[in-house]
Amino acid sequence: MALLKSKKNTTITGKSLNKLGTKPVNIKPKTTKKIINRYHFLIKCRAYIFQLLNLKFTKTDDEEINNFVKTYLKENMRNVNLEVNSEEELLNLRKNYQKNKKISSNDIDRLNFLLNFITEEIVDNGGLQKYQIASIMGQNSDRGGDSSKKLMSWILELNDSGKSFKDMSALEIGCLRVDNVISQHKYKKFIKSIERIDLNSNHPDIKKEDFLMKTLPESNEQKYDLISCSLVVNFVPDENKRGEMMIRLKKFCKNQGLVFLVLPLPCVTNSRFTDDELLVTKIMEQGLNFKLIKEHKSNKIVYYLFQNNNSVYNEKYLKKNHGSKRIIKNKPGMNNFCITFG
Ligand SMILES: C[S@@+](CC[C@H](N)C(=O)[O-])C[C@H]1O[C@@H](n2cnc3c(N)ncnc32)[C@H](O)[C@@H]1O
């Protein structure tokens with residue numbers, strides 16, 4: 001399924017994108033799911049092709065990637081009339097082109113062709129914006145809801161049980177809306193300030209910033225008491241970049257601060273490479289020195305709340321034990337989600 005075409009400043013249904021932060025448009029759940037899945041599929045294929053072609057481009061801004069690919073293809077795409085069944089080739093990408101195997105000049109032509117196919121669909125047709133609209137729709141309460149509702153209920157519980165989590169400075173990574181529960185005035189005494197960032201901002205109060213490129217804090221004051229990272233790690237197409245993101249969560253979180261991590265449930269229940277034990281015990285607790293304090297699994301989503309034990313973490317252990325992916329279990333229909341520290 002190709003992503004539906006849209007004009008630049010309008011949504012699939014033709015409504016203005018300017019008010020997306022407050023007024024989501026209506027897309028059927030089946031369609032949002034298709035758009036989200038398609039977008040994830042395409043960016044994963046793109047990241048893989050980048051690796052095969054040895055293209056080094058670290059930025060994650062949609063427009064910059066687009067320009068980079070266009071410039072690259074202008075210089076390197078020799079054969080534009082190839083007979084390639086792009087959908088089939090993309091589905092079999094990993095099987096047909098294995099990393100570390102030499103690729104022929106014919107392979108390079110085909111990969112360039114695919115890169116062009118992906119880029120046209122993803123960016124020229126409004127890919128990231130459309131993905132975000134679909135994600136906003138996914139946040140509507142009848143479709144899984146705003147994850148910060150869970151976060152704030154936990155913050156209240158913790159305060160009720162005698163722990164003091166008040167006046168917190170928060171960082172919301174991958175923020176699509178400014179009116180989520182975490183932003184409600186009634187929680188002001190818990191959340192003193194919120195910095196909202198996203199790769200693509202659809203509201204003036206959301207800064208367009210890549211967390212992977214965010215300047216590292218030089219002092220404790222520049223760190224956050226609470227970091228929300230909801231459905232973002234699974235968005236990152238490269239497993240080592242996901243590892244980098246986890247390490248950054250550590251570096252940006254104050255001592256005794258909190259990290260709210262949310263993932264699609266299949267990332268830990270149906271992956272060949274990741275399960276709860278690996279993510280929680282080995283990566284977050286043993287590697288990054290966080291402590292799990294709350295956990296909830298719904299039908300589709302897993303929510304974790306971690307507390308930062310102290311600023312020390314064990315990079316050596318992470319590199320040695322989780323530097324590359326290892327199969328935990330393998331059954332038909334499983335996914336390949338993983339986080340590595342290579
Ligand atoms: C599925 S949406 C999740 C939105 C929201 N947090 C939620 O829980 O519904 C993922 C968002 O993460 C953003 N994102 C992905 N990687 C990011 C990065 N490195 N820095 C900042 N935002 C990022 C994407 O642009 C996208 O808007």
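Contact here means heavy atoms within 4.5 Å. This is a predicted model, and that meaning of contact applies first to a pair of helices.

**Two helices side by side**

Helix H10 spans residues 276-287 and helix H11 spans residues 315-322. Two packed helices are described by the angle between their axes and the distance between the axes. For H10 and H11 the angle is about 145° and the axes are 9 Å apart. From H10 come Leu278, Lys282, Ile283, Gln286 and Gly287. They meet Tyr317, Leu318 and His322 of H11. Sorted by class, this contact holds four nonpolar, three polar and one charged residues.

**The sheet**

Seven strands form an open sheet with mixed pairing. Their order is S3-S2-S1-S4-S5-S7-S6. Strand S3 (206-208) and strand S6 (290-297) are the edge strands, and each pairs on one side only. From one strand to the next, the twist averages 20°.

Strands of a sheet pair through backbone hydrogen bonds, either parallel or antiparallel. Both edges can be followed in detail. At one edge, S3 pairs with strand S2 (residues 191-198) in the parallel sense, over three bridges. Here Arg196 stands opposite Ile206 of S3. At the other edge, S6 and S7 run antiparallel and are joined by seven bridges. Lys294 faces Leu305 of S7, standing opposite to this residue. A hairpin of three residues leads from S6 to S7.

**Helices on the sheet**

Helix H7 (residues 148-160) packs on the sheet. The strands touched by H7 are S1 (168-173), S2, S4 (224-230), S5 (253-264), S6 and S7 (301-308). The direction of H7 makes about 120° with that of S6. Helix H8 (residues 239-252) lies across S1, S4, S5, S6 and S7. H8 runs at about 150° to S5.

**The ligand**

How many residues surround the ligand? The count is 18. The closest are Gln132, Gly174, Asp198, Asp210 and Ser230. Helix H6 (residues 127-139) gives the most to this shell, with four residues. By class, the shell divides into nine nonpolar, six polar and three charged residues.

Three pairs of atoms between protein and ligand are listed here.

| Residue | Protein atom | Ligand atom | Distance |
|---|---|---|---|
| Asp198 | side-chain N or O | oxygen | 2.6 Å |
| Leu199 | backbone N or O | nitrogen | 3.4 Å |
| Asp210 | side-chain N or O | nitrogen | 2.7 Å |

How much of the ligand's accessible area does the protein cover? On its own, the ligand has 600 Å² of accessible area, and the protein covers 96% of that.

**In brief**

The sheet has seven strands, with S3 and S6 at its edges. H7 packs on the sheet, and H8 lies across five named strands, S5 among them. The ligand is surrounded by 18 residues, four of them from H6.

Conventions:
Residues numbered from 1 in each chain as written. Predicted model: local features only at pLDDT ≥ 70, side-chain atom pairs only at ≥ 80, totals over all residues. Heavy atoms only, no water. Pairing = 2+ DSSP bridges. Axes fitted to C-alpha atoms, helices over the stretch in contact; angles between N-to-C directions. Near = heavy atom within 4 Å. Polar contact = N/O pair within 3.5 Å; in protein donor to acceptor, adjacent residues only side chain to side chain. Areas by Shrake-Rupley, 256 points an atom, 1.4 Å probe, with all protein chains shown as cover. Nonpolar A, V, L, I, M, F, W, Y, C, P; charged D, E, K, R; others polar.
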